[in-house]
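This briefing covers a pocket and two backbone positions, for a reader at the bench.

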Amino acid sequence: MCQINKRDILSLLEDCRLCPRQCGVNRLAGEKGFCGAVGEKVRVARAALHFWEEPCISGEKGSGTVFFSWCTLRCVFCQNREIRSGEAGADISIERLADIFLEQQQRGAHNLNLVTPTHYLPQIMLALGIARENGLTLPVVYNTSGYERAEVLRMLEGLVDIWLPDYKYLSEALAVDYSAAPGYPETASAALDEMVRQAGEPAFDADGMMQKGVIIRHLCLPGHLEQSRQVVAKLFARYGNSVYYSLMNQYTPPPFKLRWENLNGRFKAADYDELIDFAVGLGLENGFVQEEGTAEESFIPAFDLSGVLPEK
Ligand code: SF4
């Protein structure tokens, strides 16, 4: 069945409009769009168990993360620059990607966690089809910046169980300034609506591991407490406690000086406490917060091709 649909699905790369950039380039003919991904192969930088996601995703056995290279955003404070630039990673076939998914299951992962998958959606759909036919039963996590086209996400109906999107900005000016992402606030909002529609009510297994649902992440940016407050208020007004929220204070400045002075520091602990109090005051119950001291580079895994190439 996958074979029959392969050409149709891959033809999406011939006039690529997978993300809101809508570059219209022919990636199969070697043309590069904003993200930089090119050709039919998939560039992957790491496939390994990861223990630093939310507790209902990482659990005790770890989340089966697959880190895709390239990105549809250009965040000035990006912590994964080697993969965003495509510098880290190896180009693999769709069949190898399907094997990687199965290997994560064999490692005992709680789920298959696709990190920054947007620009490889056709190849991922095909690889999931192959892996499912060969015994993949793990819940699939779609771990995204939130800069997604809702109409494209509709193609994933029935393939994704857990949505793990960011909601980064409510301010258009900040979205453009910090991530070169015009339209982010509205586009990501529409994408969230689609994810919530597809996921339905959250569900967990007996060990408290999420089996389906939505966890919306918001990374608190230094100097932007007010925006974080507005983000939480907006999201809670729309979704209430039907989704989960992850308020992240792990912002780490890049190892070079940015022209935005605030982004060279960290999000203040007092501001974080204030934000949590604000969220609790709204009635938000389904939330994840981070302990003090979690803003460490050690949370960034090594993009060293672990688990990417077949064992010899
Ligand atoms: S996925 Fe890449 S090439 Fe396609 S529209 Fe987005 S940025 Fe452009």
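Helices (H or I, at least four residues) and strands (E, at least two) are DSSP runs, numbered from the N terminus. The model is predicted, and local features need pLDDT of at least 70, side-chain atom pairs count only at pLDDT 80 or more, while totals for chains, interfaces and linings use all residues. Residues are numbered from 1 along each chain as its sequence is written, and side-chain values use heavy atoms, with hydrogens and water left out.

**Largest pocket**
- The largest pocket, whose lining is made up of 42 residues, has Glu 53, Asn 80, Arg 217, Met 248 and Gln 250 nearest its centre.
- Strand S2 (63-68), helix H3 (81-84), strand S5 (140-144), strand S8 (210-219) and strand S9 (244-248) each contribute at least two residues to this lining, and S8 gives the largest share, three residues.
- A pocket here is an open set of points on a 1 Å grid over the protein atoms alone, where a 1.4 Å probe fits, with protein on both sides within 12 Å along at least five of seven lines, and lining residues have an atom within 4 Å of a point.

**Positive phi angles**
- Most residues other than glycine have a negative phi.
- Trp 70, in the loop between S2 and H3, has a positive phi of about 75° although it is not a glycine, and at 11% relative accessibility it counts as buried (under 20% relative accessible area, 1.4 Å probe, protein chains only).
- Leu 305, in the segment after strand S10 (287-288), likewise is not a glycine but has a positive phi of about 70°.

Definitions and conventions
Buried < 20%, exposed > 50% of the residue type's maximum accessible area, 1.4 Å probe, protein only.
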